[in-house]
Amino acid sequence: GREALPLRLGVRGGRLPFGPGARAPTEFGAAVGTGFRFSEGRGLIDVGVERLERRGSGLRERVWTFLFGVTVRP
């Protein structure tokens, strides 16, 4: 039968490593992804998406990151 697609979830956060003085910006990210093996396990397709948000000094940055990877082993 077919194998189920694994689901990966991740969350991270913290302060960015900027010098002393002003308060360091904060960062928060959440990610989800999956992968699919083929050709008797020699090939892998990996897909994922991450939402990242940074805040500090009155500024706010929001980013979506998309990942698509292909691995082929002889």
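Okay, let's start with the rings: searching the whole structure turns up two aromatic pairs. By a pair I mean rings of Phe, Tyr or Trp (for Trp, its six-membered ring) with centres within 6.5 Å, where planes under 30 degrees apart are called stacked, over 60 edge-to-face, and the rest tilted. One pair is phenylalanine 36 with phenylalanine 38, and that one is stacked, at 6.4 Å centre to centre with 20 degrees between the planes.

Before I go on, a word on what you're looking at. This is a predicted model, with local features needing pLDDT of at least 70 and side-chain atom pairs counting only at pLDDT 80 or more, while totals for chains, interfaces and linings use all residues. Residues are numbered from 1 along each chain as its sequence is written, and side-chain values use heavy atoms, leaving out hydrogens and water.

Back to those two rings: are they buried or exposed? Somewhere in between: phenylalanine 36 counts as partly exposed because its relative accessibility is 36%, and phenylalanine 38 is partly exposed too, at 31%. The cut-offs here are under 20% relative accessible area for buried, over 50% for exposed, and partly exposed in between, with a 1.4 Å probe and protein chains only.

Tryptophan 64 and phenylalanine 66 make an aromatic pair as well, also stacked, with 6.5 Å centre to centre and 15 degrees between the planes. Both tryptophan 64 and phenylalanine 66 are exposed.

Now the fold. What order do the strands take in the sheet? It's S1-S2-S3-S4, four strands in an open sheet with antiparallel pairing. At the edges sit strand S1 (7–15) and strand S4 (59–72), each pairing on one side only. On average, neighbouring strands of this sheet are turned by 15 degrees against each other, ignoring direction; those axes are lines fitted to C-alpha atoms, and the angles run from 0 to 180 degrees between N-to-C directions.

Some terms: strands are DSSP runs of E, at least two residues, numbered from the N terminus, and two strands pair if DSSP finds at least two bridges between them. In general, strands of a sheet pair through backbone hydrogen bonds, parallel or antiparallel.

Let's zoom in on the middle. Strand S2 (residues 26–38) and strand S3 (residues 43–56) run antiparallel and are joined by 13 bridges. For example, glycine 35 has aspartate 46 in S3 as its bridge partner. Phenylalanine 36, from our ring pair, lies in S2 too.

On to the loops. Glutamate 40, in the loop between S2 and S3, has a positive phi of about 55 degrees although it isn't a glycine. Glutamate 40 is exposed, with a relative accessible area of 75%.

Serine 57 sits in the loop between S3 and S4, and it also has a positive phi, about 50 degrees, without being a glycine. Serine 57 is exposed at 66% relative accessible area. Glycine 58 is in the loop between S3 and S4 as well, exposed at 83%. Its C-alpha atom is 9.7 Å from that of proline 25, 33 residues apart along the chain.

Last stop, the surface. Leu5, Phe36, Phe38, Val47, Phe68, Val70 and Val72 form a nonpolar patch with about 660 Å² of accessible area together. Patch residues have over 30% relative accessible area and no salt bridge, and nonpolar side chains are joined within 5 Å. S2 and S4 are the elements giving two or more residues, and the largest share, three residues, comes from S4.

Notes
Patch = residues over 30% accessible without salt bridge, like charges linked within 9 Å, V, L, I, M, F, W, Y side chains within 5 Å. Areas by Shrake-Rupley, 256 points an atom, 1.4 Å probe, with all protein chains shown as cover. Salt bridge = Lys/Arg side-chain N within 4 Å of Asp/Glu carboxyl O.
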